[in-house]
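Here is a short report on selected strands and one helix of a predicted model. Please keep the sequence and the structure at hand while reading.

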Amino acid sequence: MTKLNKQISWILVALFSYFTVCFAAIEPDCLIVYPEQGLQRAKDLIIHEINQAERNVQMSAYQMKDPDIAAALVGCTQRNVKVELMLEENPYEHDFNRDNSQETILPKLIEAGVIIYGRPQYLKDQHSKGHYHARYILIDQKRFLLTTGNFDECTFDHCRDFAVGFNRDSYPQEFDSIQTLFINDASNEPLTIPVPVSVIIGPDQQREKIISFLNTAEKSIKLYQQYFNDPVVLDALTKLIIEKRVKVELLMMPYPTGYDKDPNIFAQDQLKELGADVRLILDLYGHARAIIVDNKSALIGTAQLSPPSLKENREMSLIIEGSVVAQLIAQFQNDQTRSVSLEEGRKRALEEKRDWNSFRLFVR
């Protein structure tokens, strides 16, 4: 083989490796739809996962306000299962996040022996305006669950959210990187090991990785978002619509933080002007964060398309494929049928002014 042929061969190998990595994804074994999936409550499915723990539970919760989830964690400690909990000390405050039940739940967890950590100091130093916003559960060094939803009663009662789960045996690199992240953050040590491309950990390069995922689209992009007001991501979607004629469909809710203003209106209106199908859900609080590309792969996690989330927060998202994506698409289409236009959604939201703090679909 000539020197030139060898060089060409190495280039081809490098290109194959590059594209193989870029399109790598995991295939979760379950999708949990909030607030209910068929005849099962999402909360019951999460509690079932926690109850399987035999040795330890490592959990990043952002907020811990649901008494039933807290009781499940206490039950773990009573079985001599070690429970560690990562919590944000200063959660976002807005009109629809006024529940202060965490003040009574945390002392019970501490009394039961749950070890609680706050946001690590190194993140505070690097991203002073950030939050520890990732939400996931590691069980017995073998099971992982990532949820877009918070652990509070409002989420389990009336929020559209999702969770996905997978086992370490299927994806050891992904699992080990996430578990190392938890251990290091609990010890105030930055993550130094390589992270598989199927795992996106914010804030470092988070926006760029999400845009790279969006740019793989050839035909379509479906999005669930609570917030979408990041100008860089909006520009990326705009280019995809104009240059590649990618069909964009976006599902959101109107006025996610209160009825004085909606931070998403500008992006919604711009996408609609470009021909995107932008609709609003009124009967559930739209909290999910998921992006489906070409009906083949999806990005699901806690990151939302807003500057604070993308640039400051500890977030976590996964790039997934397989049957779970098909389930996610089916749910998206179902939610589209219950949605309304931008104009109607905004008008009805301001007329009704539902208080999402007190609204309940389920009676305890």
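## Strand 8 and its partners

In strand 10, A163 stands opposite T147. The two strands involved, strand 8 and strand 10 (residues 162-167), run antiparallel and are joined by five bridges.

Strand 8 also pairs with strand 7 (residues 136-139). That pairing is antiparallel too, with four bridges. Here Y136 has L146 of strand 8 as its bridge partner. Strands 7 and 8 form a hairpin, with three residues between them. In the turn, D140 has a positive phi of about 60°.

## Burial along strand 8

Is strand 8 mostly covered or mostly open? Strand 8 (residues 143-147) is mostly covered: five of its five residues are buried.

Side chains in a regular strand alternate between the two faces of the sheet. In strand 8, R143, L145 and T147 point one way. F144 and L146 point the other way. Both sets are buried.

## The eight-stranded sheet

Another group of strands forms an open sheet of eight. The order is 11-18-17-16-12-13-14-19, and the pairing is mixed. Strand 11 (199-201) and strand 19 (340-341) stand at the edges. Each has a single partner strand, so one side of each is left without a neighbour in the sheet.

Within this order, strand 17 (residues 297-301) pairs with strand 18 (residues 316-321) in the antiparallel sense. Five bridges link the two. One residue to locate is I300, whose bridge partner in strand 18 is L318.

## Helix 10 on the sheet

Helix 10 (residues 265-273) packs on the sheet. The helix touches strand 13 (247-252) and strand 14 (277-280). Its direction makes about 140° with that of strand 14.

Which residues of helix 10 are buried? They are A267, Q268 and L271. Seen down the helix axis, these buried residues fall within an arc of 100°, so they line one face of helix 10. They pack against strand 13 and strand 14, and also against helix 9 (231-244) and helix 13 (342-352).

The face of helix 10 turned away from the buried side carries F266 and E273, both exposed. After helix 10 comes G275, with a positive phi near 105°.

How values were computed: Residues numbered from 1 in each chain as written. Predicted model: local features only at pLDDT ≥ 70, side-chain atom pairs only at ≥ 80, totals over all residues. Heavy atoms only, no water. Buried < 20%, exposed > 50% of the residue type's maximum accessible area, 1.4 Å probe, protein only. Pairing = 2+ DSSP bridges. Contact = heavy atoms within 4.5 Å. Axes fitted to C-alpha atoms, helices over the stretch in contact; angles between N-to-C directions. Arc of directions from axis to C-beta.
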